[in-house]
Amino acid sequence: MTRPAGDPGFATESYRRAKSIWRGIPLTKEARARKQMLRTASQPFASGRDPRPLGDIITGEAATMGWTLELAQARLIDQWPQLVGEAMAGHAQVTRIENGVLQVQCDSTAWATELRRLRGEIITRMLREHPEAQVREIRFIRPGAPSWKHGPRSVQGRGPRDTYG
């Protein structure tokens, strides 16, 4: 009985199995199936030789490297204007996502107050459309006060006593 080319035979397969057990890594059925698939994949017209879509390859590699959370959060930041609307997005910029908290910098205190009022609706919509981003909370930050330190001879002190925000 002749074996087809590429068939390892009983002796070779026994050697590989003994070698894997000696190393402490038993050869499982999945590993054997993977090795068999790799052997058949190198043959022309075998299954698994068809080209795959680039999107599937990138998604698989991102999952392998553990980038799925960061990519989902970046997608959320990119789609912030569609999430809250163009008018609100013009007055509120996402600054960062850290530990499940989305931080949004607002143009004025009025916009920060308005967005705080709509926080529940925004979080509900965000969880429905972007659950993989794992954002649990939104923090709206009021605008910062302008700096009064101008030039090399600025005076030490608190500056003007007006409140900003």
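Is Glu129 buried, exposed or partly exposed? Keep that one in mind for a moment, everyone, and I'll come back to it. Before that, a word on what we are looking at: this is a predicted model.

Let me start with the overall layout. The chain has 165 residues, and 21% of them count as buried. Its secondary structure comes to 8 helices and 3 strands. If you read along the sequence, the order is α-α-α-α-α-α-β-β-α-α-β. About 12900 Å² of the chain is exposed, with carbon and sulfur atoms supplying 56% of that area. As for contacts between residues at least 6 apart in sequence, 49% join residues at least 24 apart.

Now to the sheet. The 3 strands make an open sheet, ordered β1-β2-β3, and the pairing is mixed. At the edges sit β1, residues 92-98, and β3, each pairing on one side only. From one strand to the next, the twist averages 25°. In general, strands of a sheet pair through backbone hydrogen bonds, in either a parallel or an antiparallel way. Here, β1 and β2, the latter covering residues 101-106, pair in the antiparallel sense over 6 bridges. Within that pairing, Arg96 stands opposite Gln103 in β2.

Arg96 is a good way into the next topic, salt bridges. Side chains of opposite charge can pair when their charged atoms come close. How many salt bridges are there in this model? The count comes to 5, and I'd like to show you three of them.

One is between Arg96 and Glu98, where the closest N and O atoms are 3.3 Å apart. Arg96 is partly exposed at 43% relative accessibility, and Glu98 is also partly exposed, at 40%.

The next brings us back to my opening question. Arg125 forms a salt bridge with Glu129, with 3.0 Å between the closest N and O atoms. Both residues lie in helix α8, 4 residues apart, which is about one turn of the helix. And here is the answer I promised: Glu129 is partly exposed, because its relative accessible area is 37%, and that falls between the 20% limit for buried and the 50% limit for exposed. Its partner Arg125 is partly exposed too, at 32%. While you have α8 in view, notice that this helix lies across β2 and β3, running at about 135° to β3.

My third pair is Arg75 with Glu132, whose side chains meet in a salt bridge at 3.6 Å, N to O. Arg75 belongs to helix α4, residues 68-78, while Glu132 is in the loop between α8 (119-129) and β3 (137-141), so this pair ties together parts that are 57 residues apart in sequence. Arg75 is partly exposed at 38% relative accessibility, and Glu132 is partly exposed as well, at 37%.

Let's finish in that loop. Which residues does His130 contact, leaving aside its neighbours within four places in sequence? They are Arg75, Leu76 and Gln79, so Arg75 turns up again here. His130 has its place in the loop between α8 and β3. The side chain of His130 makes a polar contact with the side chain of Gln79, at 3.2 Å. With a relative accessible area of 5%, His130 is buried.

That's my tour. Thanks for listening, and I'm happy to take questions!

Notes. Residues numbered from 1 in each chain as written. Predicted model: local features only at pLDDT ≥ 70, side-chain atom pairs only at ≥ 80, totals over all residues. Heavy atoms only, no water. Salt bridge = Lys/Arg side-chain N within 4 Å of Asp/Glu carboxyl O. Helix = DSSP H or I, 4+ residues; strand = E, 2+ residues; numbered from the N terminus. Buried < 20%, exposed > 50% of the residue type's maximum accessible area, 1.4 Å probe, protein only. Pairing = 2+ DSSP bridges. Axes fitted to C-alpha atoms, helices over the stretch in contact; angles between N-to-C directions. Contact = heavy atoms within 4.5 Å. Polar contact = N/O pair within 3.5 Å; in protein donor to acceptor, adjacent residues only side chain to side chain. Areas by Shrake-Rupley, 256 points an atom, 1.4 Å probe, with all protein chains shown as cover.
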